[in-house]
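Morning, everyone. I have one structure to go through today, so please look at the screen while I talk.

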Amino acid sequence: EVWSDDENQPAVFSEERSPGYQDDQALAFPVVGYKGPIEAHAGVTGGSDLMAPEGTKVVAMRAGTVSRAGDDPLGGYNVMLEGIDGLRYYYAHLSDFPVVRDGQKVTAGALLGYVGRTGNAKNTPPHLHIGIGRGIQTGAGAAGGTGGDYDAISLLNKARRADGPESGTTGPFREALEAARQRPSQSEGAW
């Protein structure tokens, strides 16, 4: 199956989504191409700051529903995702308003936005702040924007291990993906 945002429109491949993440158990690493360390956010295991070049793609770790896509003084441009696994995923400091909207259902690997430094991260290097847990704590302290004592670090490491270039992309699906990659990008003209 290939994605379509609207069931009345034909599905198309897009580099903006990671086609390897189709099923309910799929897991994607939130920063495309990330190779850096995964460390607890100021000692709190429910989140991490993933330093990456500004404009790097940020994708959904799990399939779920966007409960909030917006802007606030602390998280800047951000997305809160209610994962189908019962966890909440908070993606903060995106470079611009998220590309998803409130109530939108997304698959794991779906584009949410791009790494930035908005909100209270204006004077820091660009990064994605990710919080994962049964609930996301509010506030500007060390636990703010995290899932508290949930072990997000282990889940992020699991996602990185599962997110190899061949992960979930085999057989006819892999062949269709390769064909789609040969098409010109949207910046080079229409699909």
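I will start with the sheet, move to one of its strands, and end with the core. Keep in mind that this is a predicted model.

The sheet is open and has 6 strands, in the order S1-S8-S5-S4-S3-S6, with antiparallel pairing. Its edge strands are S1 and S6, the latter covering residues 105-106, and each of them pairs on one side only. As general background, strands of a sheet pair through backbone hydrogen bonds, in either a parallel or an antiparallel way.

At one edge, S6 is joined to S3 by 2 bridges, and the two run antiparallel. Glycine 64 has valine 106 in S6 as its bridge partner.

At the other edge, S1, residues 47-51, pairs with S8 over 5 bridges in the antiparallel sense. There, leucine 50 stands opposite leucine 128 of S8. S8 is also joined to S5 by 5 bridges, again antiparallel. One pair to find on screen is tyrosine 91 with its bridge partner in S8, isoleucine 130.

Now S8 itself. How many of the residues of S8 are buried? The count is 7 of the 7, so S8 is largely enclosed by the rest of the structure. In general, side chains in a regular strand alternate between the two faces of the sheet. In S8, His127, His129, Gly131 and Gly133 point one way, while Leu128, Ile130 and Ile132 point the other way.

Take histidine 127, which lies in S8, residues 127-133. Is histidine 127 buried or exposed? Its relative accessible area is 4%, and the cut-off for buried is under 20%, so histidine 127 is buried. Its side chain reaches the backbone oxygen of proline 125 at 2.9 Å. Setting aside residues up to four places away in sequence, histidine 127 touches several others, among them Asp49, Leu50, His93 and Val115.

On to the core. In soluble globular proteins, nonpolar side chains tend to be buried together. Here the largest nonpolar core has 31 residues, and Met61, Tyr91, Leu128 and Ile132 touch the most other members. The elements giving two or more residues to this core are S3, S4, S5, S8 and helix H1, residues 152-162. H1 gives the most, with 5 residues.

Isoleucine 132 is a reasonable place to finish. Leaving out neighbours within four places in sequence, isoleucine 132 is in contact with residues including Met61, Tyr89, Ala152, Leu155 and Leu156.

Conventions:
Residues are numbered from 1 along each chain as its sequence is written. This is a predicted model: local features need pLDDT of at least 70, side-chain atom pairs count only at pLDDT 80 or more; totals for chains, interfaces and linings use all residues. Side-chain values use heavy atoms; hydrogens and water are left out. Helices (H or I, at least four residues) and strands (E, at least two) are DSSP runs, numbered from the N terminus. Buried means under 20% relative accessible area, exposed over 50%, partly exposed in between (1.4 Å probe, protein chains only). A polar contact is a pair of N or O atoms within 3.5 Å; within protein, one must be able to donate a hydrogen and the other to accept it, and residues adjacent in sequence count only if both atoms are side-chain atoms. Contact means heavy atoms within 4.5 Å. A nonpolar core is a set of buried Ala, Val, Leu, Ile, Met, Phe, Trp, Tyr and Cys residues joined through side-chain atoms within 4.5 Å. Two strands pair if DSSP finds at least two bridges between them.
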